Amino acid sequence: MKSQPLAAVATWLPVMDAAGYRCQCAGECGNPHAKTDGRCPREHDGYTSKHGHLIRLMAAPADPATPSAVAVTLPASGLRAWCPDCFGAAIRRARAQTAPAAGDAPGLFDL
């Protein structure tokens with residue numbers, strides 16, 4: 001039996017069943033996952049190879065750039081299974097791609 005979260009199980013279970021309890025990152029985190037045919041190999045309740053910590057997958061927006069206020073309203077069809085490492089890296093990459101360039105923003109003392 002796989003472990004389940006304490007809340008939102010009705011949303012989490014369909015996402016995990018569709019993903020086969022495996023992270024659905026396909027390189028959005030910046031790692032091409034070349035050894036596993038382009039998909040993250042981490043599975044829910046599996047152990048990490050480095051430190052032996054349990055992996056707990058989460059149901060999070062398919063698009064990591066989705067704001068939190070919008071993400072909580074998404075149905076299960078708008079979510080994907082993510083491991084915490086891939087989702088965090090995907091969010092950082094999405095923010096870096098949408099951030100304005102340093103030359104575009106006016107300086108503090110520019111008039």
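**Why these words fit this structure**

User: How many residues does the largest nonpolar core have, and which have the most contacts inside it?

Analyst: The largest nonpolar core has 21 residues, and Met16, Cys23, Cys25, Leu57, Trp82, Cys83 and Cys86 have the most contacts inside it. The elements giving two or more residues to this core are α1, β2 (79-82) and α3, and α3 provides the largest share with 5 residues. Please keep in mind that this is a predicted model.

User: What makes a set of residues a nonpolar core?

Analyst: Its members must be buried residues of the listed nonpolar kinds, joined through side-chain atoms within 4.5 Å. Trp82, one of the residues with the most contacts in the core, is indeed buried in β2.

User: Which residues is Leu57 in contact with, leaving aside its neighbours within four places in sequence?

Analyst: Contact asks for heavy atoms within 4.5 Å. By that test, Leu57 touches Trp12, Met16, Tyr21, Arg22, Cys23, Arg42, Glu43, His44, Ala81, Trp82 and Cys83.

User: Why is Tyr21 called buried?

Analyst: The cut-off for buried is under 20% relative accessible area. Tyr21 has 16%, so Tyr21 counts as buried. This residue is found in the loop between α1 and β1.

User: And Asp45, why is that one called partly exposed?

Analyst: Partly exposed covers what lies between under 20% and over 50%. Asp45 comes to 22% relative accessibility, and therefore counts as partly exposed. Asp45 also lies in the loop between α1 and β1.

User: What makes the phi of Tyr21 worth a look?

Analyst: Phi of Tyr21 is near 60°, which is positive in a residue other than glycine. Phi of Asp45 is near 70°, likewise positive in a residue other than glycine. For background, most residues other than glycine have a negative phi.

User: Why does Asp17 count as exposed?

Analyst: Exposed means over 50%. The relative accessible area of Asp17 is 51%, so Asp17 is exposed. Asp17 is found in helix α1. Its C-alpha atom is separated by 9.4 Å from that of Ala81, although the two residues are 64 residues apart along the chain.

User: How do you know that β1 and β2 pair?

Analyst: Pairing needs at least two bridges between the strands. β1 and β2 are joined by 4 bridges, so by that definition they pair; they run antiparallel. Met58 stands opposite Trp82 in β2.

User: Which residues point one way from β2, and which the other way?

Analyst: Leu79 and Ala81 point one way, while Arg80 and Trp82 point the other way, and all are buried. In a regular strand, side chains alternate between the two faces of the sheet.

User: What is the volume of the largest pocket, and which elements supply at least two residues of its lining?

Analyst: The largest pocket has a volume of about 420 Å³. Its lining of 22 residues has Ala59, Ala60, Pro61, Ala71 and Val72 nearest the centre. α1 (9-19), β1 (58-61), α2 (68-71) and α3 (84-98) each supply at least two residues, and β1 gives the most, with 4 residues. By kind, the lining divides into 18 nonpolar, 3 polar and 1 charged.

User: How do the residues lining the second largest pocket divide?

Analyst: They divide into 6 nonpolar, 3 polar and 3 charged. Among these lining residues are Cys29, His33, Lys35, Arg42 and Asp85, and about 210 Å³ of space lies in this pocket.

User: What pattern does the protein follow along the sequence?

Analyst: The pattern is α-β-α-β-α, with 3 helices and 2 strands.

Terms used: Residues numbered from 1 in each chain as written. Predicted model: local features only at pLDDT ≥ 70, side-chain atom pairs only at ≥ 80, totals over all residues. Heavy atoms only, no water. 1 Å grid on protein atoms, 1.4 Å probe; cavity = no way out; pocket = protein on both sides within 12 Å on 5 of 7 lines; lining within 4 Å. Points joined across faces, edges and corners; volume = space filled by probe spheres on them. Nonpolar A, V, L, I, M, F, W, Y, C, P; charged D, E, K, R; others polar. Buried < 20%, exposed > 50% of the residue type's maximum accessible area, 1.4 Å probe, protein only.
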